[in-house]
Amino acid sequence: MVIIETFKNGVKTIKVNRPWKKNAFNMEVYKTLTTILNEDANNDKIAVTLLTAVGDYFSSGNDMSTSMQDPDIAMKAVEDMVEAFINYPKLLICIVNGTAIGIGATLVTLCDIVYASDRAVFDTPFLKLGLCVEGTSSFSYPFILGRSVASEVLFLNRKLTAQEACNYGLVSRVIPHSELDEFIKDLHKYGTLSVDNIKRNKAAIMENFKKIYSDCNKREFEVLKECINSEDFSIAVQKFLMRKSKL
């Protein structure tokens, strides 16, 4: 199973489980995350949702080998997942356990709180892949990091360490990797928070952002369609296939 779900004392834990692919997101991951978030949105036994991953990577990004088979369906799956994150009405805490690339580095901004292992790195190689920003990062990265740093990260592919991400406000706190499991266990104490009051307060906060995020999500995928039909993307795909054939 590509996603592991557990529930205990008001806390749902979601773990991406494709360590053999460095937790690259394929169609099954996108669709499963979308289904879980949409269903859990209506489950008032859940106060807090924790999102993390198995292994050394949080996510190596989009699984190109599967998304290239039918780009339109793949894009719709990603767009739907992003919308599920935007609309999730309860506390969503992301624990970045390792390297986060592409969609793995951008979807964290759709979570309410982000913690990171001291081994985490945030990497957004969209331009060199012939693609465009995603996961609402065209808004969230400049908003959180400031436009200059965000442009350096998104255009020039500057990688952020966990501590740098924390300094810029992308991450709330950096956790020593050896203490990460215990830290995640400790987060379960927040399962006793009032579900109704979480929903009220999150709705008040998201009233400022929800339309911006949703509009941004749609706009990014319109640009992505242009990118996929571009020469830049064709060249990037050829390079990808050449690297794969050499493995």
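**Close-up views of a predicted model**

**View 1. Strand β7 and its two neighbours.** Three bridges link β7 to strand β10 (residues 173–175), and these two strands run parallel. This is a predicted model, so keep that in mind for every view here. One pairing to pick out is A116 with V174, its bridge partner in β10. Strand β7 also pairs with β5 (residues 91–96): four bridges join them, again in parallel. Look for I93, whose bridge partner in β7 is I113. How many of the five residues of β7 are buried? Four of them are, so strand β7 (residues 113–117) is mostly covered. If you're new to sheets, it helps to know that strands pair through backbone hydrogen bonds, either parallel or antiparallel.

**View 2. A four-strand open sheet.** Here the strands line up in the order β4-β6-β8-β9, and their pairing is mixed. Which strands stand at the edges? They are β4 (57–59) and β9 (160–161); each has a single partner strand, so one side of each has no neighbour in the sheet. Further in, β6 (residues 99–101) and β8 pair in the parallel sense, with two bridges between them. A100 is a handy residue to find, with F122 as its bridge partner in β8.

**View 3. The largest nonpolar core.** This core has 66 residues, and the ones that touch the most other members are F25, F58, M81, F85, V96 and F122. Which helix gives the most to this core? That's α3 (residues 71–87), which supplies eight residues. There is also a second, separate core of 15 residues, with V48, I93, I95 and L180 among them.

**View 4. V96 and the residues around it.** Leaving aside residues up to four places away in sequence, V96 touches F58, V108, V114, Y115, A116, S117, A120 and F122. Two names on that list, F58 and F122, may ring a bell: along with V96, they are among the residues that touch the most other members of the largest nonpolar core. A116 is back as well, the residue whose bridge partner in β10 is V174.

**View 5. T34 in helix α1.** Now move to T34, which sits in helix α1 (residues 27–40). Is T34 buried or exposed? T34 is buried, at a relative accessible area of 12%. What does T34 touch? Not counting residues up to four places away in sequence, T34 is in contact with A77, D80, M81 and A84. M81 appeared earlier too, as one of the residues touching the most other members of the largest nonpolar core.

**View 6. A buried salt bridge, D63 to R18.** The structure holds eleven salt bridges, and this one pairs D63 with R18, their closest N and O atoms being 3.1 Å apart. D63 lies in the loop between β4 and α2 (64–67), while R18 lies in the loop between β2 (11–16) and α1, so the pair ties together parts that are 45 residues apart in sequence. Both partners are tucked away from the surface: D63 counts as buried at 6% relative accessibility, and R18 is buried with a relative accessible area of 6%.

**View 7. The salt bridge between R158 and E152.** In this view the side chains of R158 and E152 meet in a salt bridge, at 2.9 Å from N to O. R158 is partly exposed, at 22% relative accessibility. E152 is partly exposed too, with a relative accessible area of 33%.

**View 8. A salt bridge along helix α10.** D215 and K211 form a salt bridge, with 2.7 Å between the closest N and O atoms. How is this pair placed in the helix? The two residues are four apart in α10 (residues 210–228), so about one helical turn separates them. D215 is partly exposed, with a relative accessible area of 33%, whereas K211 is exposed at 61%. Elsewhere, salt bridges with shared partners join E5, K12 and D40 into one network.

**View 9. A nonpolar patch on the surface.** Which residues make this patch? L127, F155 and L156 do, and the patch covers about 340 Å². L127 is found in the loop between β8 (121–123) and α5 (137–145). With a relative accessible area of 43%, L127 is partly exposed.

Technical notes
Residues are numbered from 1 along each chain as its sequence is written. This is a predicted model: local features need pLDDT of at least 70, side-chain atom pairs count only at pLDDT 80 or more; totals for chains, interfaces and linings use all residues. Side-chain values use heavy atoms; hydrogens and water are left out. Patches are made of residues with over 30% relative accessible area and no salt bridge: like charges are joined within 9 Å, nonpolar side chains (Val, Leu, Ile, Met, Phe, Trp, Tyr) within 5 Å. Accessible areas come from the Shrake-Rupley method with a 1.4 Å probe; for residues, only the protein chains shown count as cover. A salt bridge is a side-chain nitrogen of Lys or Arg within 4 Å of a carboxyl oxygen of Asp or Glu. Buried means under 20% relative accessible area, exposed over 50%, partly exposed in between (1.4 Å probe, protein chains only). A nonpolar core is a set of buried Ala, Val, Leu, Ile, Met, Phe, Trp, Tyr and Cys residues joined through side-chain atoms within 4.5 Å. Contact means heavy atoms within 4.5 Å. Two strands pair if DSSP finds at least two bridges between them.
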